[in-house]
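Colleague: Got a minute to go through this model with me? I'd like to hear the reasoning behind the labels.

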Amino acid sequence: MNRFEGPGGREARIRYLDGDFQVMTPGAFVRCAVTGDTIPLDELKYWSVARQEPYASANASLSREIEMNPGLRSRG
């Protein structure tokens, strides 16, 4: 059995705050809004408060930010 199976193996529902998050519905993981990968709650480090979505990595977070704000591509 992997760590996402069993009674605690559900997807959590999270409210993302500045520098923290609040578990609204208990679970073991969330899904990255960009890649769809599962992110164990104890490994969740990147999210958007404004969009209320989690990211698996800094690269995924940056990818979404550029997608939502195309003008960022031209900065250099």
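Modeller: Sure, and keep in mind that this is a predicted model. Start with strand β1 (residues 13-17) and strand β2 (residues 20-25), which pair in the antiparallel sense over five bridges.

Colleague: What makes those two strands a pair?

Modeller: Two strands pair if there are at least two bridges between them, and β1 and β2 have five bridges. One of the links is tyrosine 16, whose bridge partner in β2 is phenylalanine 21. The two strands form a hairpin with two residues between them, and glycine 19 in the turn has a positive phi of about 75 degrees.

Colleague: What does the rest of the fold look like along the sequence?

Modeller: The pattern reads β-β-β-β-β-β-α, that is, six strands and one helix. The protein has 76 residues, and 24% of them count as buried.

Colleague: Why is tyrosine 16 called buried?

Modeller: Buried means under 20% relative accessible area, and tyrosine 16 has 4%, so the label fits. Phenylalanine 21 has 21%, so that residue counts as partly exposed.

Colleague: How many aromatic pairs are there, then?

Modeller: The count is two aromatic pairs. In one, the rings of tyrosine 16 and tryptophan 47 have their centres 6.0 Å apart, with their planes at 35 degrees.

Colleague: Why is that pair called tilted?

Modeller: Centres within 6.5 Å make a pair; planes under 30 degrees apart would be stacked and over 60 edge-to-face. The tyrosine 16 and tryptophan 47 planes are at 35 degrees, so the pair is tilted. This pair links distant parts of the chain, with tyrosine 16 in strand β1 and tryptophan 47 in strand β5, 31 residues apart.

Colleague: And what makes the pair of phenylalanine 21 and tryptophan 47 edge-to-face?

Modeller: There the angle between the planes is 85 degrees, with 5.5 Å centre to centre. The cut-off for edge-to-face is over 60 degrees, so 85 degrees earns the name. Phenylalanine 21 sits in strand β2 and tryptophan 47 in strand β5, so the pair ties together parts 26 residues apart in sequence. Ring pairs link Tyr16, Phe21 and Trp47 into a cluster.

Colleague: Let's move to glutamate 53. Is glutamate 53 buried or exposed?

Modeller: Glutamate 53 is buried: its relative accessible area is 14%, and the cut-off is under 20%. Glutamate 53 is in strand β6 (residues 53-55). Leaving out residues up to four places away in sequence, glutamate 53 touches Tyr16, Ala33, Trp47, Ser48 and Arg64.

Colleague: What makes glutamate 53 and tyrosine 55 a polar contact?

Modeller: The distance between the side chains is 2.7 Å, and a polar contact needs N or O atoms within 3.5 Å.

Colleague: How do you know that glutamate 53 and arginine 64 form a salt bridge?

Modeller: A side-chain nitrogen of Lys or Arg has to be within 4 Å of a carboxyl oxygen of Asp or Glu. Here the N to O distance is 2.7 Å, so the pair qualifies. Arginine 64 lies in helix α1 (residues 58-68) and glutamate 53 in strand β6, so the pair ties together parts that are eleven residues apart in sequence. Arginine 64 is buried, at 12% relative accessible area.

Colleague: And why does arginine 51 count as a salt-bridge partner of glutamate 53?

Modeller: By that rule again: 3.4 Å, N to O, is within 4 Å, so it counts. Arginine 51 is partly exposed, with a relative accessible area of 25%.

Colleague: Which salt bridge does arginine 64 form with glutamate 67?

Modeller: One with the closest N and O atoms 3.1 Å apart. The two are three residues apart in helix α1, separated by about one helical turn. Glutamate 67 counts as partly exposed, at 45% relative accessibility. Arg51, Glu53, Arg64, Glu65 and Glu67 are linked in a network of salt bridges, and the count for the protein comes to five salt bridges.

Colleague: Lastly, what makes serine 48 buried?

Modeller: Its relative accessible area is 10%, against a cut-off of under 20%. Serine 48 is in strand β5 (residues 46-48), and a polar atom of its side chain lies 3.4 Å from the backbone nitrogen of alanine 50. Beyond residues up to four places away in sequence, serine 48 touches Tyr16, Glu53 and Tyr55.

Note on methods: Residues numbered from 1 in each chain as written. Predicted model: local features only at pLDDT ≥ 70, side-chain atom pairs only at ≥ 80, totals over all residues. Heavy atoms only, no water. Helix = DSSP H or I, 4+ residues; strand = E, 2+ residues; numbered from the N terminus. Buried < 20%, exposed > 50% of the residue type's maximum accessible area, 1.4 Å probe, protein only. Polar contact = N/O pair within 3.5 Å; in protein donor to acceptor, adjacent residues only side chain to side chain. Contact = heavy atoms within 4.5 Å.
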